[in-house]
Number of protein chains: 2
Amino acid sequence: MPEARLADWRGRIDAALAAAIGRDDGTPDMLRAAMRHAVLLGGKRIRPLLALAAADVTGKADAALPAAVAVELVHAYSLVHDDLPSMDNDSLRRGQPTVHIAFDEATAVLAGDALQTLAFDVLACAPLPAATIVELVRTLAMATGGAGMCGGQSLDLAATGHSAGTTVAALEHLHALKTGALIRAAVRMGGVSAGAPAAMLDALDRHAKAFGLAFQIRDDLLDVEADSTQLGKTAGKDAAQGKATFPAVLGIDASRSRISGLEEQMLGALSAFGAEADALRALGRLATQRAY
Amino acid sequence: MPEARLADWRGRIDAALAAAIGRDDGTPDMLRAAMRHAVLLGGKRIRPLLALAAADVTGKADAALPAAVAVELVHAYSLVHDDLPSMDNDSLRRGQPTVHIAFDEATAVLAGDALQTLAFDVLACAPLPAATIVELVRTLAMATGGAGMCGGQSLDLAATGHSAGTTVAALEHLHALKTGALIRAAVRMGGVSAGAPAAMLDALDRHAKAFGLAFQIRDDLLDVEADSTQLGKTAGKDAAQGKATFPAVLGIDASRSRISGLEEQMLGALSAFGAEADALRALGRLATQRAY
């Protein structure tokens, strides 16, 4: 049952995240509390689960735990900064006040900064060969920086309020950077941690690419369809903020059939694998069918 | 002449910083422009020079160029975020408008974030043995995160406006994190890049520790003594913001004699070395005698 394995992994990911933030290193109390708030009060743990599931294809899910933690720390840092008043100005996240509301804005900036650093710290301290660690650091940095997640957020801010003429291609490019790059990095880092050969990494990456886009389209649909209580964050914000979304640009029906096409791509990418890829397949279903 | 060597190194550091930020990787134009603004419009380059000077003790200054670049990128990111309205709210830096003034606040947050990522990216791509790279990543992360620079800034914000009862010990602890950790990391990373043995790293670290404190006390004295044009940043801000400083807590004369004591510690730490440590000695003089 891949679902049971995912539930078990989720527990281990949460424990490892708590250990990383809780280590006795002299971090001032308030900063640490803000980091805990950002990471430990919920979250679906999709990205770290992807890392473990990708490593599980070689039978070595355990090896990917540091990569899983690092990816989730980066994701958490990005949410803290994206929620800031100067960015998306959001006060609710995972059903809780955002960090700058629960603490203050300066602490939110610093907590995000320190979480990013901690991600690279966790990788550097991983019980893995040095060459593997270097590859993990490089992969995470490429996916996270100006040519990845940060660049995507910059494009998103520039496009906000100017959604009228947005094309599907521009929207896909934006999300390939903003959310896709880190999802692909999670999968690749899982595979790299487990020593997966290049051909396997390629297949995993095809899965991750389709997964990332399907996940984002589903996210956009949920913003239209669900309410804030279900989401744990403010619903209907995309339209209110003048953001281009897949339902707005493509229409709701075409967005749904786009997801179906991506589901087929995901299954195709994993066709060479047997039960060892079942956790990845289960996560794929989660991405496309989730209701929150 | 160590001064000529430092001037040569400064040119190579600036070129390497420009190359790191300018690489053709798909970073959106506005984000890249903000990153350039943060890094390339000046700066004394003290930290990267320390990295090269530390490596020069083994005769291999060149090996430390990636470490030098990474440390300066982290320093630049920290200035961008420290200058934000929610932090120190400063509009002038290196004689130029700060990033959130020249661009906007969201772009300043993202540019700082992307500069931090780029620092780790540069290390991961360094032409050095993998084990050396892992040690560099670990050293930079430890110095930069919650237990280092970020933690120090958090303590500084918490103490601002409550400077009345500050002790010298508390002030030294704050600065050991906020500025000292990255300076020590710069020196250690230079030594590690050049393959310096442990005993040499220890001597270099004693120098770096004294250097960092002397540098900070001099900084505090300059904030009292100099004007904004000389400094390229707003003078007299520490007192205006209710920050504890060494002149305020120790007095000006005692601050100056504290620097003299640290100068002796620096020279003592390097006493086992000959001319190969002359660049470090010259930087020590710069730290304690600089007029801006």
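pLDDT is the predictor's confidence in each residue, from 0 to 100. I start there because this is a predicted model. Chain A has a mean pLDDT of 93. In that chain, 97% of the residues reach 70 or more. For the model as a whole, ipTM is 0.95 and pTM is 0.96.

Now, the two chains together. On chain A, 45 residues are in contact with 45 residues of chain B. Which elements of chain A give two or more residues to that side? They are α2 (29–40), α6 (105–124), α7 (130–144) and α8 (149–159). The largest share comes from α6(A), with 13 residues. By type, this side of chain A has 26 nonpolar residues, 13 polar and six charged.

Next, the nonpolar core. The largest one holds 194 residues. Five of its members touch the most others: A:A51, A:A64, A:L140, B:A51 and B:L140. Take A:A64. Leaving out residues up to four places away in sequence, A:A64 touches A:A51, A:L52, A:A54, A:A55, A:M189, A:G190, A:S193 and A:A194.

Then A:L140. Look across from it to A:A185, in helix α9 (residues 168–193) of chain A. These two are 45 residues apart along the chain, yet their C-alpha atoms are separated by 6.1 Å. Is A:A185 buried or exposed? Buried, because it has 29 C-beta neighbours inside 10 Å, and 20 are enough to count. Beyond four places in sequence, A:A185 touches A:V71, A:T139, A:L140 and A:A143.

For contrast, go to chain B. B:D253 sits in helix α14 (residues 252–269) of that chain. B:D253 has 9 other C-beta atoms within 10 Å, so it is exposed. From B:D253 to B:E135, the C-alpha separation is 40 Å, with their positions 118 residues apart along the chain.

Last stop: helix α15 of chain A, residues 278–289. Its 12 residues should span 16 Å at 1.5 Å a residue, and its end C-alpha atoms are indeed 16 Å apart. Which residues in α15(A) are buried? A:A279, A:L280, A:L283, A:G284 and A:A287. Seen down the helix axis, the buried residues of α15(A) fall within an arc of 145°, so they line one face. Here is the general background. An α-helix has 3.6 residues a turn, so residues three or four places apart point the same way.

What covers that buried face? The cover for the buried residues of α15(A) includes α1 (2–22), α3 (46–56), α10 (198–225) and α14 (252–269), each from chain A.

Methods. Residues are numbered from 1 along each chain as its sequence is written. Chains are lettered from A and ligands numbered from 1 in the order in which they are written. This is a predicted model: local features need pLDDT of at least 70, side-chain atom pairs count only at pLDDT 80 or more; totals for chains, interfaces and linings use all residues. Two residues are in contact if their C-beta atoms, placed from the backbone, lie within 7 Å. Helices (H or I, at least four residues) and strands (E, at least two) are DSSP runs, numbered from the N terminus. Ala, Val, Leu, Ile, Met, Phe, Trp, Tyr, Cys and Pro count as nonpolar, Asp, Glu, Lys and Arg as charged, and the others, Gly among them, as polar. A residue is buried if 20 or more other C-beta atoms lie within 10 Å of its own, exposed if 12 or fewer, and partly exposed in between; C-beta atoms are placed from the backbone. A nonpolar core is a set of buried Ala, Val, Leu, Ile, Met, Phe, Trp, Tyr and Cys residues joined through C-beta atoms within 7 Å. The expected span of a helix is 1.5 Å times one less than its number of residues. The arc is that of the directions from the helix axis to the C-beta atoms.
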